[in-house]
Amino acid sequence: MWPLAAALLLGSCCCGSAQLLFNNVNSIEFTSCNETVVIPCIVRNVEAQSTEEMFVKWKLNKSYIFIYDGNKNSSTTDQNFTSAKISVTDLLNGIASLKMDKRDAMVGNYTCEVTELSREGKTVIELKNRTAFNTDQGSACSYEEEKGGCKLVSWFSPNEKILIVIFPILAILLFWGKFGILTLKYKSSHTNKRIILLLVAGLVLTVIVVVGAILLIPGEKPVKNASGLGLIVISTGILILLQYNVFMTAFGMTSFTIAILITQVLGYVLALVGLCLCIMACEPVHGPLLISGLGIIALAELLGLVYMKFVASNQRTIQPPRNR
């Protein structure tokens with residue numbers, strides 16, 4: 001008994017693994033810019049010497065959409081996937097990836113099944129559609145559900161969305177801190193009109209950013225998300241004007257305040273460039289650039305508040321002139 005078991009074990013070792021091993025790929029994405037879609041299927045331990053020994057089947061969810069029979073050197077495709085194909089010459093290298101035109105690509109779970117003589121194996125890859133701008137997401141989802149499920153990929157990751165909202169809100173809170181110092185420490189009648197203008201502009205900016213956050217964060221509706229992003233980024237430019245007027249109202253321009261304003265302008269430029277690149281690209285991969293710009297704007301507001309607090313603490317409160 002033991003000699004037989006040892007012989008079987010030795011035979012299996014000599015013949016290699018009885019199971020085909022695949023590269024682990026959980027999901028891939030495609031966008032409106034893709035002309036073709038390639039779903040990867042890579043076998044790591046192919047030992048076949050001829051494609052006649054290979055058999056490949058692809059299915060979407062539970063329905064087979066492509067079959068390659070190496071013994072007959074023939075391929076069969078589903079009527080909805082007429083462009084689907086594999087590279088037969090790459091099969092011996094373990095590459096059984098499915099390639100198709102974008103028009104045939106449907107979101108869902110694709111299963112790649114490969115048979116090599118007596119060995120076989122399979123792997124599952126989810127295909128996602130990164131929809132950047134879609135004016136009617138609801139109807140698109142209904143259409144995709146009929147064809148195998150609708151799943152939209154977020155324009156930005158949740159963490160990126162949080163940072164895009166937090167930095168402008170933080171900058172606005174810092175502005176209101178400077179506004180409080182301005183109203184409490186500098187009380188001359190000369191500043192009254194400017195304070196009223198700063199108050200109105202600050203309130204308008206706060207409302208715009210809040211509305212932008214409401215449009216950006218919830219759900220996966222690209223048009224609403226993009227509108228919210230535009231409101232947030234573009235409106236942060238108002239902070240530059242507000243900071244300038246706060247400095248001029250309080251104590252005028254100094255070399256340090258000029259440096260703060262220049263830093264804030266640079267941050268705003270970075271945010272605008274990031275916004276333009278994200279909108280023009282099929283995939284907004286320039287999100288970090290946009291977020292960096294918003295972070296610099298918030299940092300400039302923080303430096304302005306610290307400097308204003310420092311200067312105000314070394315000045316006496318300016319009282320309005322007495323009536324004679």
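This report walks through a predicted model, from its strands to its helices.

## Strand β1 and its partner

Start with strand β1, which covers residues 27–30. In a regular strand the side chains alternate between the two faces of the sheet. Strand β1 shows this pattern. Ile28 and Phe30 point to one face and are buried. Ser27 and Glu29 point to the other face and are not buried.

Strand β1 pairs with strand β8, residues 119–129. The two run parallel, and 4 bridges join them. Within this pairing, Ile28 stands opposite Leu127 of β8.

## The disulfide

A disulfide is a covalent bond between the sulfur atoms of two cysteines. The whole structure contains 1 disulfide. Its partners are Cys41 and Cys112, with sulfur atoms 2.1 Å apart. Cys41 lies in the loop between β2 (36–39) and β3 (54–60), while Cys112 is in strand β7 (residues 108–116), so the bond ties together parts that are 71 residues apart in sequence.

The torsion about the S-S bond is about -75°, so this disulfide is left-handed. Are its two cysteines buried or exposed? Cys41 has a relative accessible area of 1%, so it is buried. Cys112 is at 0%, so it counts as buried too. Cys276 has a relative accessible area of 42%, which makes that cysteine partly exposed.

## Salt bridges

How many salt bridges does the structure hold? There are 6. One of them joins the side chains of Lys57 and Glu113, at 3.6 Å from N to O. This pair links distant parts of the chain: Lys57 is in strand β3 and Glu113 in strand β7, 56 residues apart. Lys57 is partly exposed because its relative accessibility is 22%. Glu113 is at 13%, so it counts as buried. Lys59 belongs here as well, since Lys57, Lys59 and Glu113 are linked in a network of salt bridges.

Arg103 forms a salt bridge with Asp101, and their closest N and O atoms are 2.6 Å apart. Arg103 counts as exposed, at 57% relative accessibility. Asp101 is partly exposed, at 25%. Arg119 forms a salt bridge with Glu116, with 2.5 Å between the closest N and O atoms. Both Arg119 and Glu116 are buried.

## Transmembrane regions

Now turn to the helices. The unreviewed UniProt entry places the feature "transmembrane region" at residues 162–184, 196–217, 229–247, 259–282 and 288–308.

What does the model show over residues 162–184? The chain there is 100% helix and 0% strand. The end C-alpha atoms are 33 Å apart. Residues 229–247 are 95% helix and 0% strand, and their end C-alpha atoms lie 29 Å apart.

## Aromatic rings

The count of aromatic pairs comes to 6. Take Phe256 and Tyr307. Their ring centres are 4.8 Å apart and their planes meet at 40°, so the pair is tilted. The pair links distant parts of the chain: Phe256 sits in helix α7 (residues 255–280) and Tyr307 in helix α8 (residues 287–313), 51 residues apart. Phe256 is partly exposed, at 38% relative accessibility. Tyr307 has a relative accessible area of 18%; buried means under 20%, so Tyr307 is buried.

These two rings belong to a cluster. Ring pairs link Phe247, Phe251, Phe256 and Tyr307. A charge joins the picture at Phe247: the charged end of Lys178 sits over its ring, 5.7 Å from the ring centre.

Note on methods:
Residues numbered from 1 in each chain as written. Predicted model: local features only at pLDDT ≥ 70, side-chain atom pairs only at ≥ 80, totals over all residues. Heavy atoms only, no water. UniProt positions renumbered as here; feature names shortened; annotations may be inferred. Buried < 20%, exposed > 50% of the residue type's maximum accessible area, 1.4 Å probe, protein only. Pairing = 2+ DSSP bridges. Phe/Tyr/Trp six-rings, centres within 6.5 Å; stacked < 30°, edge-to-face > 60°. Lys NZ or Arg CZ within 6 Å of the ring centre and 35° of its normal. Disulfide = S-S within 2.5 Å. Salt bridge = Lys/Arg side-chain N within 4 Å of Asp/Glu carboxyl O.
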